[in-house]
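Biologist: Please take a close look at one part of this model for me. I want the strand pairing, laid out step by step.

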Amino acid sequence: MNKNFLLNKTTIIAGSAIALLAISAVGSTRAALTQTENMQYNLSVSDLSVDLYELQTKDDKAEYVSVSDGGKLLSTLVGEGENFQIGKTYAEQTAFSNDGNYDAYVRVIITKSWKDGTVKDTTLDPALIDVTMSDSGAWYKDEAASTQEREVYYYKTVVAAPERDEDNNIVALDYVPITSTISVKNDVTQIVTKNGTTGNITTTYDYDGKSFDLDIEVDALQTHNAADAAKASWGVVLNLDSDGSISSVSHLGDSEDTNLGE
C-alpha cells in the first residue's frame, strides 16, 4: 500500500519566549522581559500547512501576527515602561490557521520550563507557569502524554482548508484560538532554601534570577486515511465520532490495533 501521504505534515515551532524573574528579599517582585527569535521548521510539502499566530495590539488595533513571519511571542505582553508582575494574569492570545490545501486534524504541544541562564533547571516547577487554553472544550487533552512541563492537545473537529480564488490565493483565513492567558504564580516568591545554623541562617529564593521558557508547537495531519497517518506520525490512535471529530486518543502501546492499515 502506498503510504507517501503519511509524510505530508508541516510543523511550526514558536519559541522560545523568555521572561527573566527577579525576587527581592522582602517579597516584592519585578521582572525584565526579554525575547528570543522564533523558529520555523517546514518538514515537508506546503499542501498541508498550519501557521501559529499571536494577537498583538499595534496603534490601538489588535490583529493576529504570524510568529513565523517576523513576529515574536510575548512582545506586547507588557506595556512600554511596565514590568512583568508575578501573580498577574496577562492576556496571551495565540491561534493557529490551516493555510494549506487540505482539511486537517491539528495537534498542539505547549511546553513550559525554567532556566538558570541558558541552562534548563529541572529542579524548578513548570506548573508555576500557568498557561490557559482559550476554549478547553474544543480540545482533547492527551493526559497520558502530558506532564507538568508538557501538555498535548488535539483539536477535536476537522479544520477546513481555507477558501481560495481562481488563482489559488487564500480569500480569508480562519484563526482558531489556542491560549488565552499566561501568568507566573505567586508561589515563586515563597519558595526558599535556608542554610546555616541557629543564629546564622541565610535564605535564598529558589526562583530569584531564573527565567521561564514557553514553546508552542502546532502540527497537522490530512484527513485522508487519518487513522494510519496518526499512527505513523503521532504514534497514537485517533478515536473518531461519526462526524469525523476526535472523541479520544489512545496510544499504540495501550491499543491492540497497532497495524498501519495493513
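In which sense do strand β3 and strand β6 pair, and over how many bridges?

Modeller: A caution to begin with: this is a predicted model. Strand β3 covers residues 50–58, and strand β6 covers residues 94–98. The two pair in the antiparallel sense, over five bridges. One position shows the register: Asp-51 stands opposite Ser-97 in β6.

Now widen the view. β3 and β6 belong to an open sheet of four strands. Its order is β4-β3-β6-β14, and the pairing is antiparallel. The edges are taken by β4 (61–66) and β14 (176–177). Each has a single partner strand, so one side of each is left without a neighbour in the sheet. As for what holds such strands together, pairing in a sheet goes through backbone hydrogen bonds, either parallel or antiparallel.

There is also an open sheet of three strands. Read across, the order is β5-β15-β9, with antiparallel pairing. Here the edge strands are β5 and β9, and each pairs on one side only.

Take the two β15 pairings in turn. Strand β5, residues 90–91, meets β15 in the antiparallel sense over two bridges. One contact to look at is Ala-91, whose bridge partner in β15 is Thr-181. On the other flank, strand β9 spans residues 129–133. Five bridges join β9 to β15, and these strands also run antiparallel. Within this pair, Met-133 has Thr-179 of β15 as its bridge partner. Thr-132 is matched with Thr-181. Thr-181 is therefore a useful residue to display, because it is the bridge partner of Ala-91 and of Thr-132, while β15 itself is largely enclosed by the rest of the structure.

That enclosure can be put in numbers. β15 runs over residues 179–184. Five of its six residues are buried, where buried means under 20% relative accessible area.

For contrast, turn to the surface. Glu-163, Asp-165, Glu-166 and Asp-167 gather there in a patch of negative charge. Asp-165 sits in the loop between β12 (163–164) and β13 (170–172). Its relative accessible area is 34%, so Asp-165 is partly exposed.

Terms used: Residues are numbered from 1 along each chain as its sequence is written. This is a predicted model: local features need pLDDT of at least 70, side-chain atom pairs count only at pLDDT 80 or more; totals for chains, interfaces and linings use all residues. Side-chain values use heavy atoms; hydrogens and water are left out. Two strands pair if DSSP finds at least two bridges between them. Patches are made of residues with over 30% relative accessible area and no salt bridge: like charges are joined within 9 Å, nonpolar side chains (Val, Leu, Ile, Met, Phe, Trp, Tyr) within 5 Å. Accessible areas come from the Shrake-Rupley method with a 1.4 Å probe; for residues, only the protein chains shown count as cover. A salt bridge is a side-chain nitrogen of Lys or Arg within 4 Å of a carboxyl oxygen of Asp or Glu. Lys and Arg count as positive and Asp and Glu as negative; His and the chain ends are not counted. The place of a charge is taken as NZ of Lys, CZ of Arg, CG of Asp or CD of Glu. Buried means under 20% relative accessible area, exposed over 50%, partly exposed in between (1.4 Å probe, protein chains only).
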